[in-house]
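Please work through the following exercises with the sequence and the structure at hand. Each task is followed by a solution in steps.

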Amino acid sequence: ADFSGLSAPCHNPSMNTRAHIVNPGGPVPRGVSDFTKLREGGYAFVDKSLFIKEILDGGDDVTLITRPRRFGKTINLNMLRCFLHWPLDHQPDLFDGLAISRAGEEYQRERGKRPVLFLTFKDIKAGKWDDAWIKLRGLLANTAEIAARGAPSDRLTRLQQKTLRGVIEGTAKPAECQSILAILTELLTRKHGEKPWVLIDEYDTPLHAAYQSGYYDDMRNVMQGLLGQGLKDNADASQPQTFLHKAVITGILRVAKEDIFSDLNNLGVYGVSQDRFSPCFGFTPAEINDLLAARGIADRFNDVRAWYDGYRLGRATTIYNPWSVINYLANPNDPAQPYWVNTSSNHLVHHLLTRADAGVKRGLRQLLDEANPVTIQRVQQNVPLQELEADPENLWGLLLASGYLTLHPRVEEGKENTARESALRIPNKEVREVYDTLARKWLRGGESGSGGGMELLEALVAGEVDAFAERFERLVFHSMSYFDPSGDEPERFYHGFVLGMVQALRNRYIVASQRESGLGRYDLALEPKDKSKPGFVLEFKTCLRPSDSLSDTAQQALRQIQDKTYHAEMLNRGVEQVIALGLAFRGKE
């Protein structure tokens, strides 16, 4: 697919998006998430320090920022932590020369002014609740022990002191640990005379693991109490004073409010649909230009763009996947390839897509239509994990938030993306690999038990048309329980069925759908990259009446290919042989 025309210009009215890269030719910071190590190690650094300004300028008491995994959440939060709390008299100035150092004196006055409580939940994942609880309890114990050093714990209530000791010693039960953030913010306030910042990275990692492993309720109860008690604003006069200055939380999903954030009425949420923070995570086109130029590979821009660009954040900002770009730069002699999609299991996405209903399958068909790879869907962006399989809106929301789909400008009939209904597309070639893998899984039988898909395609490319026809009919018959050919345009359904199937041949064939050729527009064509191999043009027809003959309808499709010379352009490009196939359908026949 040609993704180059799907990018929009980088724009955010609240930020200067001009590229600024420190030491652009320095070592590539692959896997470096510690800001101090990054700066002291002389690594190439794409300056995202205006993220700090955005946070300090914000009016929210609690800010939740959601982005796909490995899009820079951890390094940005670590950078914010260093700015707010690092002892300047013990360390070289890590922000010397960065954009935040030129943003104004009012921002410099915030450096080291308040204590910071930092937690990362990235490692709180396990196959069962008991193991996850041991990890979570250890994290809270370590955090509490560091915060309590030299603090006047005698000014806490007896119950608070008991809870603090229990957490540090590892004897506190889950219900008792839920108040520890509130206790620690009070303790830090009393120790320093200033209310602390609370920074929480990957808050939803424990919830994802819990959902997939079957202990979601246990983890939700702990996280809801921990965040609710620690971050609420206590606006009710009958409640005790809050000891929180501000909080910043990062994650992949905005888990539905009734699940986790029900106690917070001071929460600002900024996901992939909002403009705010859009240039702060990932790389902009200008930054990519500078990174490639510094390494003498500016001529590879289009390749990098096709593979790793395409994420549209907010109304206009387009972003490259930073993890994939960093790995590409670290392996300059290797061709572009998937990096981000291979960093963790795609099991949940594959599981949900293979079990999706006919409406979702129609949406996937639209995404695979290379002439117009866009689907319009109602999207639930506050994802209730326990109901992922209950409503397609939840699935589309998961795919959008986690980076497997992205927003596309809606131009039909002057409409725009809304909070509920959005235009979606696959962002780039790398993510397309996930959907190709899914198509191959369906062909191997997947969860339908049909099997025979790859053998079918091998028969096709070998020119064994009779074997292909026999296996294809069998595949359609066994797979139709997963696909719904009903509706006003059944031919489009079958077209999508075959289009998804042939994605497994993309390494050998150029797959083209609904393209003009000869005297008309064919349904599907497979042009071999090796011109000595046969090419294929496929036309689909549906029997309109039960009495219609499948054989006669297939002949009509075949004559249309021949009469309109759909094969002519492929022959003109040097393909030695083109096989035309007319396919007729009637229900599951």
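**Exercise 1. The surroundings of Lys-48**

In this predicted model, Lys-48 counts as buried because its relative accessibility is 9%, and the cut-off for buried is under 20%. Task: establish where Lys-48 is placed and what surrounds it.

Solution.
1. Locate the residue in the chain: Lys-48 belongs to the loop that runs between β2 (45-46) and α2 (50-57).
2. List the contacts, leaving aside neighbours within four places in sequence: Lys-48 is in contact with Asn-76, Met-79, Pro-279, Cys-280, Gly-282, Phe-283, Thr-284 and Glu-287.
3. Examine one of these partners, Pro-279. In sequence, 231 residues separate Lys-48 and Pro-279, yet their C-alpha atoms are 8.2 Å apart in space.
4. Look for a polar contact: a polar side-chain atom of Lys-48 lies 2.7 Å from the backbone oxygen of Pro-279.

**Exercise 2. Cysteines and disulfides**

Task: determine whether Cys-82 and Cys-280 are buried or exposed, and how many disulfides the structure holds.

Solution.
1. Cys-82 has 2% relative accessibility and therefore counts as buried.
2. Cys-280 has 3% relative accessibility, so this residue is buried as well.
3. A search for disulfides in the structure returns zero.

**Exercise 3. Helix α13**

Task: describe how α13 is covered and which residue caps its N-terminal end.

Solution.
1. Helix α13 spans residues 322-330 and is mostly covered, with eight of its nine residues buried.
2. The buried residues are Pro-322, Trp-323, Ser-324, Val-325, Ile-326, Asn-327, Tyr-328 and Leu-329.
3. The cap at the N-terminal end is Asn-321, which places a side-chain oxygen 3.1 Å from the backbone nitrogen of Trp-323.

**Exercise 4. The nonpolar cores**

Task: identify the residues with the most contacts inside the largest nonpolar core and the helix that gives the most to this core.

Solution.
1. The largest nonpolar core contains 135 residues, and those with the most contacts inside it are Ile-200, Met-219, Leu-231, Tyr-435 and Phe-472.
2. Helix α5 (residues 129-148) gives the most to this core, contributing nine residues.
3. Another core, of 31 residues, lies apart from it and includes Phe-95, Val-116, Phe-118 and Val-248.
4. Ile-200 touches residues including Leu-77, Phe-121, Leu-231 and Val-248, when residues up to four places away in sequence are not counted.

**Exercise 5. The protein as a whole**

Task: state what share of the protein is buried and how many helices and strands it has.

Solution.
1. Of 589 residues, 54% count as buried.
2. The protein has 22 helices and 20 strands.

Technical notes
Residues numbered from 1 in each chain as written. Predicted model: local features only at pLDDT ≥ 70, side-chain atom pairs only at ≥ 80, totals over all residues. Heavy atoms only, no water. Buried < 20%, exposed > 50% of the residue type's maximum accessible area, 1.4 Å probe, protein only. Helix = DSSP H or I, 4+ residues; strand = E, 2+ residues; numbered from the N terminus. Polar contact = N/O pair within 3.5 Å; in protein donor to acceptor, adjacent residues only side chain to side chain. Core = buried A, V, L, I, M, F, W, Y, C linked by side-chain atoms within 4.5 Å. Contact = heavy atoms within 4.5 Å. Disulfide = S-S within 2.5 Å.
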